[in-house]
Each structure stands twice: as structure tokens, then as C-alpha cells.
Amino acid sequence: MKTCSELFVSRQSVKKKAGFKHSTYPTIPKRSKIAALDFTTAELSGRGHMDTESAYKEYFSLLLAGDKANCARLTQKLIDEKIDLETLYMSFFKRSLYEIGDLWEKNKISVATEHLCTSITEYLMTLAHPVIFGIARTGKKAVVSCVANEYHQVGGKMVADVLELSGWDAYFLGADTPVKDLIAMINEKKPHLLCLSLSVYFNIHHLTEAVRKVRERWTELPVWIGGKAFEYGARTIFDSYEKVRIVNSLTELKSLLLAFEDHRGE
Ligand code: B12
């Protein structure tokens, strides 16, 4: 196990090898060599704040460099060391994409770099699938979707993975699902739960339309809604609907799933 200062030094050398400099932050550095990853598995296991933080910094610089192979190697190490998947999703995948979003908003990285980082992240999430799909099934089903015109799908994908990890079968429809197709899928799969994701507030009317149309047909189906859009408000918009609720986090989602049997999603 390395000391904090040794970790710092090794991280600096990784950055150097990867061509990462703060002054050139927005540009994609050259691919680092696999050998540049000098964390041991113990260091990557998320034991202790410094370890996770160091691993995150390493991860973020690789992601920004578009270095998919080493991002995958690092992620696989974390998984092999049995990192809690919520930590992997929140403290690595989500945190890095939020940082990427800030850099994009400040014009420090291009749209192409943001797209690359997102597509690498979506690939990395599949590395967790052997763990996620190894869980015993409960027989419960959920449809998970983004509403029409909503192109941010990573959050919804995480929701689907949390459901799978809780033993549910999650039918994840991805981005921009037209309401008529959503309805058709609910009709086909007959889920116990519908989860809808909304990132950008200007799509709120698509969400309200989806909820209204689902309710016209299924009066009892629990509808759980979440996503970045609710950081900015609209939290009471569905108060008049029975069994429609805004869920604030994956942690809350997990505890609601545990309680689902008793409360039937109310
Ligand atoms: C990648 C990205 C894109 C990609 C998405 C590709 C893809 N495959 O998903 C593309 C290029 C399509 C895109 C487009 C746009 N984007 Co964009 N994008 C992002 C970025 C960088 C990352 C999104 C992401 O994956 N985050 C990580 C996930 C895990 O986080 P999350 O979605 O919040 O999900 C978490 C929770 O919200 C929750 N959750 C989500 N859904 C649900 C559902 C349920 C039921 C539950 C329980 C929980 C839950 O669980 C997750 C884990 O905690 C963000 C930055 C950011 N801060 O998010 C900007 C960001 C969201 N985008 C933004 C903007 C402005 C846009 C565009 C309008 C840009 C434009 N001018 O075209 C368009 C809108 C397109 C559209 N119609 O939807 C802004 C939104 C600002 C705002 N105030 O709303 C952001 C915040 C960037 C920024 N800093 O300004 N984007």
C-alpha cells in the first residue's frame, strides 16, 4: 500500500505520461500506456477517502484523454475489488460526467470530447453487468425510459441497473421515447413499475403528457420520476396524481424498491 505522497507522485507521473497539463486541459492528451496505471488493486478498492479520490483523479484524466482501454482496465479493477456499484456509478461515472458538463458549458472542451466521454462511460457501465445480472430474480418488472425529446440517457440506464441489482427485470427504452411507443411497451410488458427520466426542464411537457396518458389507461401503475431537471424545481407538479412520485436519488430508489412489496409503490 502506498503512502499519500507516494500516490501523489505516481499520479503526477501518470499525468505526465498521459500528456495531461492543466494549461492544456481542454485538448485531448495522447493515449497513456497501459503501464502508466500503477495503482495496485488494493489502492483502487475504495478503502478510505484518499484511495477513492486518487483513483477518481486518475480515472477522470484517462476519460478526458479518451483512453477507453485504460478506463476499462481501471474500472474492471474496481469491480474485481468489489467496489460498491453505487460508489462506482455515483463517485466515478456520474461525478465525471457532471465535470465534463461543466467543462463543456465553459467552452473548455468540445462537443466531440463530451460525446466521447459519454460513450466511453456507457461502455464502462456494461463492465458491471456480470455483477448486476448475477442477482437472483424477484419476478418484478419495470419499464424505464426517457421521455420524448430527452436525449440524456445515462441516468435512466443507471436506474435500470439499480433495478436489476435489486432482482427486477428492467426494460430500458433509452432516449427520446415517443409517448405512444411507451404506452405500447407498457401494454406488452405489463410492468409493476414505470420509471421516467427527465434531465432538461424544457421537456417537462413531454413528461406531463406521458404521465397523463399512462394514468388514463393504468390507474394503479406506480410511476417514479427522477433526473437532473428536478434539481431546479417542479417538485410538486405531480402532487395531484396518486402513485406518482419524484425520487431524488439512487439511494432513495433502492430503499423504495425494498419497501415495494409492502406498500405496492405508493
Ligand atoms: C452527456 C450530455 C449530453 C449528451 C447525452 C448523450 C447520452 N447518451 O445520454 C447530449 C449530447 C445528447 C446532450 C444534449 C444536450 N444537453 Co447535455 N449534458 C450531458 C452531460 C455532460 C452528462 C449527462 C449525464 O449523463 N450525466 C450523468 C448522469 C448519471 O446523471 P443524471 O442524468 O443527472 O442522472 C442521475 C440522477 O439525475 C438520477 N436520475 C436520472 N433519471 C432518473 C430517473 C429516476 C426514476 C430516478 C429515480 C433517478 C434518476 O440518477 C442518476 C444517478 O444519480 C450533462 C452534464 C450533467 N451535469 O449531467 C449535460 C447537460 C445535462 N446538458 C445540458 C444541455 C444544455 C444540453 C442541450 C440543451 C445542449 C444543446 N444546446 O443542444 C442538449 C439537450 C438535448 C435534449 N433534447 O435532451 C445541460 C443542462 C442544463 C440545464 N440547466 O438543464 C447540462 C447540465 C450541461 C451543462 N452543464 O450545462 N447532453
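Here are some friendly notes on the predicted model above, going from the whole chain to its sheet, core, ligand shell and one helix residue.

1. **Overall make-up.** Please keep in mind that this is a predicted model. The chain holds 10 helices and five strands. Of its 266 residues, 33% are buried. Taking the contacts with a separation of 6 or more, 72% link residues 24 or more positions apart.

2. **The sheet.** The five strands make an open sheet, ordered β2-β1-β3-β4-β5, with parallel pairing. Why do β2 and β5 each have one side without a neighbour in the sheet? β2 (169-172) and β5 (244-246) stand at the edges and have a single partner strand each, so one side of each is left free of a sheet neighbour. From one strand to the next, the twist averages 20°.

3. **Pairing around β1.** Strand β1 (residues 141-146) is a good place to start if you want to trace the bridges. Five bridges connect β1 with β3 (residues 193-197) in the parallel sense, and V143 has L194 as its bridge partner in β3. β1 is also joined to β2 by four bridges, again running parallel. There, K141 has D169 of β2 as its bridge partner.

4. **Helices on the sheet.** Two helices deserve a look here. Helix α7 packs on the sheet and touches β1, β2, β3 and β4 (223-226); the direction of α7 makes about 170° with that of β1. Helix α8 (residues 179-189) packs on the sheet too, touching β1, β2 and β3, and the direction of α8 likewise makes about 170° with that of β1.

5. **The faces of β2.** In a regular strand, side chains alternate between the two faces of the sheet. For β2, A170 and F172 are on the covered face, while D169 and Y171 are on the uncovered one.

6. **The nonpolar core.** The largest nonpolar core has 50 residues, and those touching the most other members are A142, V144, L163, L194, C195, L196 and V223. Helix α7 (residues 154-165) contributes the largest share of this core, with six residues. Where does the core lie with respect to domain 1 and domain 2? Both domain 1 (4-131) and domain 2 (134-263) give residues to the core, so it lies between them. As a general point, nonpolar side chains in soluble globular proteins tend to be buried together.

7. **V144 up close.** V144 is among the core residues that touch the most other members. Setting aside neighbours within four places in sequence, V144 is in contact with G156, V159, A160, L163, A170, Y171, F172, L173 and C195.

8. **The ligand shell.** You may want to check this part before any docking-style work. The ligand is surrounded by 34 residues, the closest being G101, V154, G155, S197 and G226. At least two shell residues come from each of α4 (85-105), α5, α7, β3, β4 and α10 (250-263). Which element gives the most to the shell? That is α4, with eight residues.

9. **L124 in α5.** L124 sits in helix α5 (residues 111-126). Is L124 buried or exposed? L124 counts as buried because 24 C-beta neighbours lie inside 10 Å. Apart from neighbours within four places in sequence, the contacts of L124 are C71, A72, T75 and F93. L74 is 50 residues away from L124 in sequence, with 9.9 Å between their C-alpha atoms.

Technical notes: Residues are numbered from 1 along each chain as its sequence is written. This is a predicted model: local features need pLDDT of at least 70, side-chain atom pairs count only at pLDDT 80 or more; totals for chains, interfaces and linings use all residues. A residue is buried if 20 or more other C-beta atoms lie within 10 Å of its own, exposed if 12 or fewer, and partly exposed in between; C-beta atoms are placed from the backbone. Two residues are in contact if their C-beta atoms, placed from the backbone, lie within 7 Å. A nonpolar core is a set of buried Ala, Val, Leu, Ile, Met, Phe, Trp, Tyr and Cys residues joined through C-beta atoms within 7 Å. Domain bounds come from an automatic or database domain assignment. Two strands pair if DSSP finds at least two bridges between them. Axes are lines fitted to C-alpha atoms, for helices over the stretch in contact, and angles run from 0 to 180 degrees between N-to-C directions. A residue is near a molecule or strand if its C-beta atom, placed from the backbone, lies within 6 Å of it.
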